[in-house]
Amino acid sequence: DTLLKLMEDNRDDLIVIVAGYTGKMSKFLATNPGLKSRFNKYLSFQDYSPEQLQKIFIRLCNNGSFKLTDEAEQKLLGIFKILYEVKDETFGNARLARNLFEQTVNNQANRIIALTDITEEL
């Protein structure tokens, strides 16, 4: 009700953008009959493909000065293909790639912390 009043009182000077998962947004708009009629523009974004997720991950690696072997890139693509096949409505898209990248960096740090001779290849 508060949002509706704000939108109505300031309709000439206010833009409200809401974003979320499709099902949850439908529930949100159904909470009040006036909401759906006030949101009349909808944009839907397709999920990234496994190949696009792989490219996002590789870009994160490049930005962090990490290098993947060809074998690692292929394994990564396989992982993204599996995750894409079993996705649900909460599929994380680029967040999935970022989380996997951060987990990979943490795993690498945990692996090399015990080494005495650390090289750039490790």
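In these legends, a helix is a DSSP run of H or I with at least four residues, a strand is a DSSP run of E with at least two, and both are numbered from the N terminus. You are looking at a predicted model, in which local features need pLDDT of at least 70, side-chain atom pairs count only at pLDDT 80 or more, and totals for chains, interfaces and linings use all residues. Residues are numbered from 1 along each chain as its sequence is written, and side-chain values use heavy atoms, with hydrogens and water left out.

**View 1. Confidence along the chain.**
Let's begin with pLDDT, the predictor's confidence in each residue on a scale from 0 to 100. The chain has a mean pLDDT of 90, and 98% of its residues reach 70 or more. Of the chain's elements, helix 4 has the highest mean pLDDT, at 97, and helix 3 (residues 33-38) has the lowest, at 86.

**View 2. Helix 4 packs with helix 5.**
Here you can follow helix 4 (residues 50-63) and helix 5 (residues 70-85), whose axes are 8 Å apart and meet at an angle of about 130°. (Axes are lines fitted to C-alpha atoms, for helices over the stretch in contact, and angles run from 0 to 180 degrees between N-to-C directions.) The angle makes helix 4 oblique to helix 5; under 35 degrees would be roughly parallel, over 145 roughly antiparallel and 65 to 115 roughly perpendicular, while the rest is oblique. Helix 4 crosses helix 5 in a right-handed way, meaning that the near helix is turned clockwise from the far one by less than a right angle (anticlockwise would be left-handed). Look for Pro50, Glu51, Leu53, Gln54, Phe57 and Ile58 on the helix 4 side, in contact with Glu73, Gln74, Leu76, Leu77, Phe80, Lys81 and Tyr84 of helix 5. Contact here means heavy atoms within 4.5 Å. Sorted by class, the residues that join helix 4 to helix 5 are 8 nonpolar, 2 polar and 3 charged. (Nonpolar covers Ala, Val, Leu, Ile, Met, Phe, Trp, Tyr, Cys and Pro, charged covers Asp, Glu, Lys and Arg, and polar covers the others, Gly among them.)

**View 3. A closer look at Gln54 in helix 4.**
Is Gln54 buried or exposed? Gln54 is buried because its relative accessibility is 10%; the cut-offs are under 20% relative accessible area for buried and over 50% for exposed, with partly exposed in between (1.4 Å probe, protein chains only). Leaving aside residues up to four places away in sequence, Gln54 touches Glu73, Gln74, Leu76, Leu77 and Phe80.

**View 4. Helix 5 packs with helix 6.**
Next, find helix 6 (residues 94-112), which packs with helix 5 at an angle of about 135°, their axes being 12 Å apart. The two helices, 5 and 6, are therefore oblique to each other, and their crossing is right-handed. Helix 5 brings Leu76, Ile79, Phe80 and Leu83 to this contact, and helix 6 brings Leu96, Ala97 and Leu100. The contact of helix 5 with helix 6 holds 7 nonpolar residues, no polar and no charged.

**View 5. Helix 4 packs with helix 6.**
The angle between helix 4 and helix 6 is about 45°, and their axes are 9 Å apart. Helix 4 is thus oblique to helix 6, with a right-handed crossing. From helix 4 come Leu53, Ile56, Phe57, Leu60 and Cys61, and from helix 6 come Ala94, Leu96, Ala97, Arg98, Leu100, Phe101 and Thr104. The contact of helix 4 with helix 6 has 10 nonpolar residues, 1 polar and 1 charged.

**View 6. Ser65 in the loop between helix 4 and helix 5.**
Most residues other than glycine have a negative phi. Ser65 is not a glycine, yet its phi is positive, near 60°. Ser65 counts as exposed because its relative accessibility is 65%.

**View 7. Gly92 and Asn93 in the loop between helix 5 and helix 6.**
Asn93 is another residue with a positive phi, about 50°, although it is not a glycine. Asn93 is buried because its relative accessible area is 16%. Gly92 is also buried, at 16% relative accessibility. Along the chain, Gly92 and Tyr48 are 44 residues apart, and in space their C-alpha atoms are separated by 9.4 Å.

**View 8. Asn10 in the loop between helix 1 (2-9) and helix 2 (22-30).**
With a relative accessible area of 31%, Asn10 is partly exposed. From C-alpha to C-alpha, Asn10 and Leu35 are 15 Å apart in space, and they are 25 residues apart in sequence.
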